[in-house]
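Hi everyone, thanks for coming. I'd like to walk you through a structure that's new to most of you, so here it is on the screen.

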Amino acid sequence: MESLFGLIWRVSLSMRSYFFLLFMVLIIWSCEDDELKDCQGIAGGSAVLDNCNVCDDNPENDCLQDCAGEWGGSALVDSCGVCDDTPSNDCVDDCSGQLGGSAYEDNCGICDDDPTNDCVEDCSGQWGGENICGCTDVTAFNYDLYATYNDGSCILPIEITYNIHESLPSDWVTDFYTIMDNLITIIPSYENVFDHITIYAWNSSVEDPYPGIEGGSYVGGSPGNKIMVLEISEMEFEWNLLHRFSVVAHEYFHIYQLSINQPMNLPNGSYDPNGFSIKWLLEGTAASFESLYIQEYYNHNYFINAQSNINEMVHTNPSVFESYESNNIEVNYGSSVFITLVLAKELINLGYTEEVAFRMIYKDFMLTGVKNSNWQNYFVDVFGISIDEFYQSLQSYPLNINDVLPSESLSIEDIFN
Ligand SMILES: [Zn+2]
């Protein structure tokens, strides 16, 4: 008979087993629950999150703060102590070797940080050059003695093509070239308006020998194809008339006028406000110039010889000589020459030297660009006398060329000097 104690013992033994098992289960269960997992979820693991939320168990690779204070940021301090994450703006040595300095090399290789002394391009395109640009051709109208670089601005003398016909006596041809040389030296024509002329000269004893070129003595053609025609009358060779030479000076003077006064180049058949065709100012000048040339180079008074016929209209209505229609009332431009010579006298009365007076009439007036619509304004501007006053003054001069002749010593070189 099992004692109660024995029963209790047995029962308690099995309960103890039961409780032991239960206890063990609870131990195991509570172990699962209580032991810490690391950031990788491994219980008891040693992985940790660094400041960039990267979980591993390597402390060596934990992320760091960059210079801007950002964990894991990529900002860096460059050599000049500037912290950012743009490597392209990292400071570097300037041209003087200073880190982050602001010195730079200018176009001449000079290193400094002063922009005000940077070298500049000179007019020839050379950096730091000291060229003086201008025209360096001594034959040019605008030759600049001080220019060191030819900038292509030269206004050169016009080109002259000569067609001198074999019908002309050889001694005339010799004189012709001498006259042309003198004129080109004294009153060169520059390519301001046109750049070349073609001269045709022949003896009237032959039929017009150049196709398309009409006979006579004149300057004509278009601006692009200007011609100077000298058909010399056979008679002038036979009788040794000085006109065979003076006509060269006369026509070349027109070339000179055309080269300094653009409006005169416009066709002058009918009134053009933009042209310039006041006859006595164009022909009185050319014709008095030819006489001055003959006086100086041939020692002959061509004024008295050829230009002494003066029409009364010079006193009564001088303005008729403004028009080429008055050609039929004057001989060899005698009236126009007279008016021109009076103008010189009036300028001398105003205190100008004779040379300057003729320079004003031959050159300065034309150089203003005077044209038909404004010539009276330029007349008073240049000469200091109104055209009406001047025409009035003509009446105080007897219509006698001898009273208004220029000095015999007057040289055209001095006039145009
Ligand atoms: Zn003429």
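Quick word on terms before we start: helices here are DSSP runs of H or I with at least four residues, strands are E runs of at least two, and the numbering goes from the N terminus. And please keep in mind that this is a predicted model.

Okay, so counting that way, the chain has twelve helices and twelve strands. Now, how spread out is the chain? Its radius of gyration is 53 Å, while the globule rule gives 22 Å for 417 residues, so the chain is well over that value and more spread out than a compact globule. You can see that in the C-alpha trace too, which spans about 195 × 50 × 45 Å along its principal axes. Buried residues make up 25% of the 417.

On to the domains. There's domain 1 at 112-155, domain 2 at 157-241 and domain 3 at 261-417. If you look at domain 1 and domain 2, their C-alpha centres are 40 Å apart.

So where's the largest nonpolar core? That core has 65 residues, and Tyr-252, Phe-338 and Ile-361 have the most contacts inside it. Helix H4, residues 243-260, gives the largest share, ten residues. Domain 2 and domain 3 both contribute residues as well, so the core lies between them.

Let's zoom in on Phe-338. Leaving out residues up to four places away in sequence, Phe-338 touches Ile-310, Val-314, Leu-399, Ile-401 and Val-404.

Last one, about contacts across the chain: take those between residues at least 6 apart in sequence, and 53% of them join residues at least 24 apart.

How values were computed: Residues numbered from 1 in each chain as written. Predicted model: local features only at pLDDT ≥ 70, side-chain atom pairs only at ≥ 80, totals over all residues. Rg over C-alpha atoms; globule rule 2.2 N^0.38 Å. Buried ≥ 20, exposed ≤ 12 C-beta atoms within 10 Å, placed from the backbone. Contact = placed C-beta atoms within 7 Å. Core = buried A, V, L, I, M, F, W, Y, C linked by C-beta atoms within 7 Å. Domains from an automatic or database assignment.
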